[in-house]
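I opened the model to look up how one helix of the second chain is enclosed, and then turned to a loop in the first chain. My entries follow in the order in which I looked.

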Amino acid sequence: MRIPFLSLLPFLLVATPVLAQTPDKPVADKPVAEKPAKDGKAAAVDFEKQIWPILEKSCIECHSTAAPGPDGKTKKPKGGVVLDSKDGITTSKKGKLIAAKKPDDSLLFTSISLPADDDDRMPPKKKGAPLPQDQQDLIKKWIEEGGSFGSWTGKKADDKAKDAPKGKEAEAGGDKGKDKPADKPKEKEKEAPHVRLQKGLQPLPAATLATFANGPFLVQSLGDGSPLLRVGCAGRSDEVDDTALRTLAPIASHVAELELARSRVSDAACETIAAMPRLLRVDLRQTQVGDTGVAKLAACKELRDVNLFGTKTGDYAMAALGGLKALQNLYVWQTEVSAGAVVRLREQVPGARVVFAAELPEPMAEGAGGARRRAQK
Amino acid sequence: MTLKNLIRGTDLATRRSFVSGMAGSLLGVGAAATFGPRALAQVLLQDPQPAAQTGPLVLGRATAKHVIYCFMRGGMTHIDTFDPKPGKITQGPTEALSTRADGVQIGQYFPKLAEHMNKVCIVSSMSSKQGAHPQAQYLMRTSYELRGTIQHPSLGAWCHHLGGRHNQTLPGHVILGGGADLPGAGFFPPEFQPLPIGSAEDGLQNASLPRGVDEERFQRRLQKLQQLDQAFGEQHGQRAVQSYSKTYAEAVKLMRSSDLTAFDLDLESAAMHQAYGQTGFGAGCLLARRLVEHGVRYVEVVSDGWDTHADNFDRVGELAPAIDQGLAALLADLDARGLLEQTMVVLATEFGRTPDIDQDQGRNHYPQAFSCLLAGGGVKGGQRYGSTDAEGRTVVSEPTSIQDLNATIAHACGIPTDHVVTSPSGRPFKVADKGTPITEILRG
């Protein structure tokens with residue numbers, strides 16, 4: 001159980017950013033934030049020293065990561081806006097809290113700069129007066145300068161560091177241990193991998209994407225306007241073979257998710273896939289790919305999820321996939337992979353969950369719940 | 001009556017009756033008729049303008065590409081299923097069962113599902129004000145109250161419409177095991193009506209050419225249809241008419257597609273049938289898994305009969321095993337195929353049942369507190385979200401409205417919950433009304 005967040009404020013103020021990432025960085029003794037930036041040419045605004053103290057003082061009472069409050073109830077962030085972590089500020093479902101260099105498109109700035117009587121103004125009327133003009137200016141300037149967080153990552157990273165040693169058991173084939181509530185293997189990354197990979201990546205020109213309009217592939221943004229792409233072929237998987245897959249070459253640098261389930265691709269297709277440096281997830285379920293092809297996927301160093309269910313993959317490929325250090329989920333049910341190879345892979349990539357069997361329930365007892373009996377064995 | 005019988009037995013084998021029967025079976029166009037003539041008229045008389053959208057739609061990053069929504073129709077008792085209160089007077093004869101998730105107990109009727117509770121989040125703090133079946137089912141599926149003047153689209157239709165289809169050949173939204181009378185496309189164009197399949201075991205009916213009609217003859221019939229439709233379509237360029245023609249074309253595309261096998265449960269092994277349990281619900285879950293494998297976005301499986309006013313405990317004992325078996329198999333099977341990470345499995349009901357047991361050993365309607373389940377598709381499993389008091393009477397923490405639950409599902413599907421769609425009558429609607437997604441139970 002976490003300690004109520006507010007009571008931790010003085011501690012967090014000093015300690016969080018330091019504990020989270022940069023143990024050797026000098027501790028900020030007191031907030032320098034209230035000091036307005038006097039001229040535009042001054043040194044860049046430092047989030048940790050100048051912006052965070054403003055947020056901490058005026059915003060995070062309502063906009064902090066959900067945590068159990070003093071009454072035992074979980075306190076949800078208002079409006080789903082979380083301002084006490086970098087993740088929270090950069091990935092809000094509410095919209096763009098900060099748009100680099102565009103304060104007027106940044107909710108964080110627009111909502112504090114609304115007139116005092118506006119219903120959407122933050123902090124809300126009942127919570128207090130608008131932020132002083134110098135603080136508003138400082139936030140505006142910080143966004144204009146690109147909205148960099150420096151080394152600050154905030155509360156979440158700190159929490160995760162604490163939670164990190166939680167169970168990461170790879171469960172498959174009747175491993176019936178009790179699972180910790182709400183645990184998720186491998187969540188130590190400070191930002192979601194797609195966020196890191198899309199940084200600085202220019203979206204592909206619309207004309208390039210338009211060339212796929214009538215082909216068998218469905219090419220879409222990963223969501224939230226990301227330049228990264230999800231490519232699927234459901235519904236036209238019959239038309240997708242090794243040759244068709246080569247047409248993806250012009251967008252290979254942007255493909256983050258590739259769904260080729262039940263298509264006609266084979267080992268040769270894996271060469272095309274191996275040239276996708278930002279690939280996070282590949283679904284080759286029920287295709288003809290086998291050992292030689294799958295082994296080539298080891299070139300995609302970012303791969304998290306690899307679905308090889310119902311393919312001809314065997315132990316040779318498993319050995320190659322052992323080099324994918326970011327691997328989180330690997331599905332090899334109904335393949336030629338041996339139990340020994342699964343064990344070896346789990347040793348090579350300790351965080352990976354390798355699923356090679358289904359924990360299907362025993363058949364129903366005779367007559368239970370009015371079961372209708374059909375073709376019995 | 002199937003179309004084949006119709007054609008064989010009478011001289012009514014006209015082009016139109018064949019094609020409309022086929023389109024009806026394949027894509028649910030005919031389902032409009034199940035709403036009665038008034039509803040059909042409403043669909044046809046709608047403004048020719050498609051529902052206007054305000055602001056560009058930017059889909060969020062979806063953790064759930066697919067949804068399998070199991071609906072326990074009639075009002076599932078919460079105390080006997082997923083919110084047990086061991087040792088309390090309201091518990092009755094039901095015993096609580098420990099599960100694979102630490103500290104999460106469920107009712108004794110779900111021993112197989114208990115083994116998979118590490119994948120499931122129980123939302124125990126559901127609460128609403130609607131205690132009548134049709135109204136509550138409508139609210140659960142649409143997030144809006146039943147009104148005489150408008151038909152709201154169901155959550156599945158929203159996901160289909162705004163999120164699009166993953167597989168352009170198969171329908172975007174299928175509803176299995178009854179429930180064709182539940183709200184579907186609402187004020188969206190008819191093409192967003194879910195495809196109803198009464199019996200999952202029978203699969204899709206009328207999907208092959210009738211006896212005596214070969215491909216060439218079928219082509220001629222389609223051409224004739226097009227000729228006739230062309231003049232009408234030019235004169236009456238209504239959205240509903242276009243939507244209907246589009247539906248016919250899609251039905252024909254599906255008939256010729258290899259994806260048609262998605263509907264055929266005979267392709268599954270006997271062992272797989274047994275694992276899902278040879279029940280209507282089990283077959284529904286198995287078919288849902290097949291459809292999701294082929295890229296269908298939103299599949300609903302309906303289990304009726306949860307309105308246990310009398311003999312609640314015996315009735316739940318009869319109803320639960322099919323759900324226990326089907327859902328346990330579905331979660332295990334999806335997981336092993338690598339599909340659970342991207343498929344949200346929901347178990348929902350319209351309301352709970354009274355904590356007090358009446359003289360008929362029954363429990364009655366109780367919207368004040370009930371439970372729903374969420375699993376997969378980015379849901380953090382192995383936990384209980386929110387709680388009721390010691391006797392299961394009122395929600396004491398994290399009160400969750402029906403709109404909040406629907407917003408959570410929509411959010412996981414990447415559908416922005418603040419995106420406004422204007423109905424043909426000019427009124428603004430959102431996917432889950434004023435609901436807020438429970439982001440704490442979702443992975444970022």
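I first fixed how angles are taken: axes are lines fitted to C-alpha atoms, for helices over the stretch in contact, and angles run from 0 to 180 degrees between N-to-C directions. I also noted that contact is said of two residues whose C-beta atoms, placed from the backbone, lie within 7 Å, and that helices (H or I, at least four residues) and strands (E, at least two) are DSSP runs, numbered from the N terminus.

I kept in mind that this is a predicted model, in which local features need pLDDT of at least 70 and side-chain atom pairs count only at pLDDT 80 or more, while totals for chains, interfaces and linings use all residues. Residues are numbered from 1 along each chain as its sequence is written, and chains are lettered from A and ligands numbered from 1 in the order in which they are written.

**Sheet of chain B.** I traced an open sheet of eight strands in the order S6-S5-S7-S1-S8-S11-S4-S12, with mixed pairing; strands pair if DSSP finds at least two bridges between them. S6 (195–197) and S12 (383–385) of chain B stand at the edges with a single partner strand each, so one side of each has no neighbour in the sheet. Neighbouring strands are turned by 20° against each other on average, direction ignored.

I then followed S8(B) to S11 (residues 370–375) of chain B, to which three bridges join it in an antiparallel run, and found Val346(B) opposite Leu374(B) there. H13(B) packs on the sheet, touching S1, S4 (120–126), S8 and S11 of chain B, and its direction makes about 165° with that of S8(B). H7(B) lies across S1 (66–72), S5 (173–176) and S7 (298–303) of chain B, running at about 170° to S7(B).

**Helix H6(B).** Is this helix enclosed, or is it open? Seven of the ten residues of H6 (residues 133–142) of chain B are buried (20 or more other C-beta atoms within 10 Å of their own, C-beta atoms being placed from the backbone), so H6(B) is largely enclosed by the rest of the structure. Among the buried residues are Tyr138(B), Leu139(B) and Met140(B), and what covers them includes H7 (155–163), S8 (343–349) and H13 (402–412) of chain B. Ser143(B), which follows the helix, has a positive phi near 75°.

**Loop in chain A.** I found Asp117(A) in the loop between H4 (107–113) and H5 (133–144) of chain A. Asp117(A) counts as exposed (12 or fewer such neighbours), because it has 7 C-beta neighbours inside 10 Å.
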